[in-house]
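Trainee: I've just opened this one and I'm new to it. Could you walk me through it with some questions and answers?

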Amino acid sequence: MALALCLQVLCSLGGWLSLYISFCRLNKHRSYEWSCRLVTFTHGVLSIGLSAYIGFIDGPWPFTHPGSPNTPLQVHVLCLTLGYFIFDLGWCIYFQSEGALMLAHHTLSILGIIMALVLGESGTEVNAVLFGSEITNPLLQMRWFLRETGHYHSFTGDVVDFLFVALFTGVRIGVGSRLLFCEMVSSKPRWFVKVGGVAMYVVSWCFMFSIWRFAWRKSIKKYHAWRSRRSEERQLRHNGHLKMH
């Protein structure tokens, strides 16, 4: 069983690395980060779909069955994601592209997935955490691509930012709080699984504070720009009226 899991993770790691190399060759005029973020975007979309299917259709429901034995589909998805996180953590360390908080997030994710795979249980709630963590990821990557291509300061950029903040607040913090409560009051999950859940929740709040600060600064900037435009329009109308006399 352990050998089969290791082979799945190695195949996943090899697959993500191969995809990254392919993106690098297809985008030779772009940076390595561009290709890495394409891989991240691909993983985000794939993991959202798979984890949503597990949570909402295949089951079991994470809010009522935390600590349940892993299903075969949960194991496959966790191995797929573990390979990705190993790849991305290695890339971030090698290129020194991320801060301590993101590295902590990746490390906790890797340890949490390994813990669920070794124990053979709690894949239900780990999959739910995966869904909550990844649901904002495609938007985060779209935001970066918009910046790189010079299209961030547009209506599209504003929509992406709004959806990102709303989803992060509603799902990762709102729904995540409910999931953590269900995890803590249940007697099934191991105590160290609960500790891991608390650690991931704390990391989410650290991200949340940074996101709220960004949203506040952008809102204030947009408000001042709107006030400035209104003032200029009033001045133009006033001047035009004076010239008519």
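Trainee: Let's start with two helices. Is the crossing of α1 and α2 right-handed or left-handed?

Mentor: Keep in mind that we're looking at a predicted model. Helix α1 covers residues 2-26 and helix α2 covers residues 32-58, and their axes come within 9 Å of each other. As for the hand of the crossing between α1 and α2, it's right-handed.

Trainee: And how are α1 and α2 oriented to each other?

Mentor: Their axes cross at roughly 135 degrees. Anything over 145 would count as roughly antiparallel, and 65 to 115 as roughly perpendicular. The α1 and α2 angle fits neither range, so the two helices are oblique.

Trainee: Which residues of α2 does α1 meet there?

Mentor: On the α1 side you'll find Trp16, Leu19, Tyr20, Phe23 and Cys24. Their partners in α2 are Tyr32, Ser35, Cys36, Leu38, Val39, Thr42, His43 and Leu46.

Trainee: What about α3 and α4: how do they lie to each other?

Mentor: Helix α3 spans residues 72-95 and helix α4 residues 100-119, with the axes 9 Å apart. They pack at an angle of about 150 degrees. The cut-off here is 145 degrees, so α3 and α4 count as roughly antiparallel.

Trainee: Is the crossing of α3 and α4 left-handed or right-handed?

Mentor: Plenty of side chains take part: the α3 side includes Val75, Leu78 and Phe85, and the α4 side includes Leu103, Ile110 and Leu117. Where α3 passes α4, the crossing is left-handed.

Trainee: Let's zoom out. How many helices and strands are there in the chain?

Mentor: Read from the N terminus, the elements run α-α-α-α-α-α-α-α. That gives eight helices and zero strands.

Trainee: What share of the chain's residues count as buried?

Mentor: The C-alpha trace spans about 90 × 45 × 35 Å along its principal axes. The chain has 245 residues, and the share that counts as buried is 42%.

Trainee: Now the rings. Which kind of aromatic pair do Trp205 and Trp212 form?

Mentor: The structure holds 18 aromatic pairs. One of them joins Phe56 and Trp61, tilted at 55 degrees with 5.8 Å centre to centre. For Trp205 and Trp212 the centres are 5.7 Å apart and the planes stand at 75 degrees. That angle is over 60, so the pair is edge-to-face.

Trainee: Is Phe56 buried or exposed?

Mentor: Its partner Trp61 is partly exposed, at 37%. Phe56 has a relative accessible area of 55%, and the cut-off is over 50%, so Phe56 is exposed.

Trainee: Which residue has a ring with the charged end of Arg30 over it?

Mentor: There's a charge over a ring elsewhere too: Arg147 lies over the face of Tyr152, at 4.1 Å from the ring centre. The charged end of Arg30 sits 4.0 Å from the centre of its ring, and that ring belongs to Trp34.

Trainee: Last one: setting aside neighbours within four places in sequence, which residues is His151 in contact with?

Mentor: His151 sits in the loop between α6 and α7, and at 47% relative accessibility it counts as partly exposed. Asp161 is ten residues away in sequence, and the C-alpha atoms of the two are 13 Å apart. The contacts you asked about are with Leu146 and Gly157.

Note on methods: Residues are numbered from 1 along each chain as its sequence is written. This is a predicted model: local features need pLDDT of at least 70, side-chain atom pairs count only at pLDDT 80 or more; totals for chains, interfaces and linings use all residues. Side-chain values use heavy atoms; hydrogens and water are left out. Rings of Phe, Tyr and Trp (its six-membered ring) pair if their centres lie within 6.5 Å; planes under 30 degrees apart count as stacked, over 60 as edge-to-face and the rest as tilted. Buried means under 20% relative accessible area, exposed over 50%, partly exposed in between (1.4 Å probe, protein chains only). A charge sits over a ring if NZ of Lys or CZ of Arg is within 6 Å of the ring centre and within 35 degrees of the ring normal. Axes are lines fitted to C-alpha atoms, for helices over the stretch in contact, and angles run from 0 to 180 degrees between N-to-C directions. Helices (H or I, at least four residues) and strands (E, at least two) are DSSP runs, numbered from the N terminus. Angles under 35 degrees count as roughly parallel, over 145 as roughly antiparallel, 65 to 115 as roughly perpendicular and the rest as oblique. A crossing is left-handed if the near helix is turned anticlockwise from the far one by less than a right angle, and right-handed if clockwise. Contact means heavy atoms within 4.5 Å.
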